[in-house]
Amino acid sequence: VQLQASGGGLVQAGDSLRLSCTNSGRTFVNNVMGWFRQAPGKEREFVAAIAWPGPITKYADSVKGRFTISRDTFNSIALRMNSLKPEDTAVYYCAARRSSMSIAARDYDSWGQGTLVTVSS
């Protein structure tokens, strides 16, 4: 599994961004794919995840109503981020696991390299 995240950038508060994550490696059934983020000096935190069949989605309270996770293709997902805030500034990582839905980073088997999102006030 080789996860590649893209779409980060520098935006202003209130703007939108769309992150993408694709598994470009060996294809297998990823039951769950998700996004985590890590701000400078802080621990990595859960953002959103999508599980299939279903699909089932879960969001952190801090992004609920602003972010939407979706599945683009069999092995790729997207994270649409609206109404961005300065506190959303972080490196965003996509991750995958084969089992059931989880919001714990330790449960994910594969990780992408991260894409930086910077939101200015």
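This section describes the strand pairing and the nonpolar core of a predicted model.

Four strands form an open sheet, arranged in the order β1-β3-β8-β7 with antiparallel pairing. Its edges are β1 (3–6) and β7 (67–73), each of which pairs on one side only. From one strand to the next, the twist averages 20°. At one edge, β1 pairs with β3 (residues 17–23) in the antiparallel sense over four bridges, and N23 of β3 is the bridge partner of L3. The two faces of β1 differ in cover: L3 and A5 lie on the covered face, whereas Q4 and S6 lie on the uncovered one. At the other edge, six bridges join β7 to β8 (residues 76–81), again in the antiparallel sense. Within this pairing, S76 of β8 is the bridge partner of T73.

A further set of pairings involves β9 (residues 90–97). Seven of the eight residues of β9 are buried, so this strand is largely enclosed by the rest of the structure. Strand β4 (residues 32–38) pairs with β9 over seven bridges in the antiparallel sense; here W35 has C94 of β9 as its bridge partner. Strand β11 (residues 115–120) is also an antiparallel partner of β9, through three bridges, and V117 of β11 is the bridge partner of A90. Two bridges connect β9 with β10 (residues 110–111), and this pairing is antiparallel as well. The bridge partner of A95 in β10 is W111.

In soluble globular proteins, nonpolar side chains tend to be buried together. In the present model, the largest nonpolar core has 34 residues. The residues with the most contacts inside this core are W35, V47, F67, I77, L79, M81 and Y92. At least two core residues are supplied by each of β1, β3, β4, β5 (45–51), β7, β8, β9 and β11. Strand β5 provides the largest share, six residues.

The surroundings of F67 can be listed in detail. With neighbours within four places in sequence left aside, F67 is in contact with R37, V47, Y59, L79, R80, M81, N82, L84, D88 and Y92. Among these contacts, V47, L79, M81 and Y92 are also listed with F67 among the residues that have the most contacts inside the largest nonpolar core. W35, another residue of that list, takes part in the pairing of β4 with β9 through its bridge partner C94.

Terms used:
Residues numbered from 1 in each chain as written. Predicted model: local features only at pLDDT ≥ 70, side-chain atom pairs only at ≥ 80, totals over all residues. Heavy atoms only, no water. Pairing = 2+ DSSP bridges. Axes fitted to C-alpha atoms, helices over the stretch in contact; angles between N-to-C directions. Buried < 20%, exposed > 50% of the residue type's maximum accessible area, 1.4 Å probe, protein only. Core = buried A, V, L, I, M, F, W, Y, C linked by side-chain atoms within 4.5 Å. Contact = heavy atoms within 4.5 Å.
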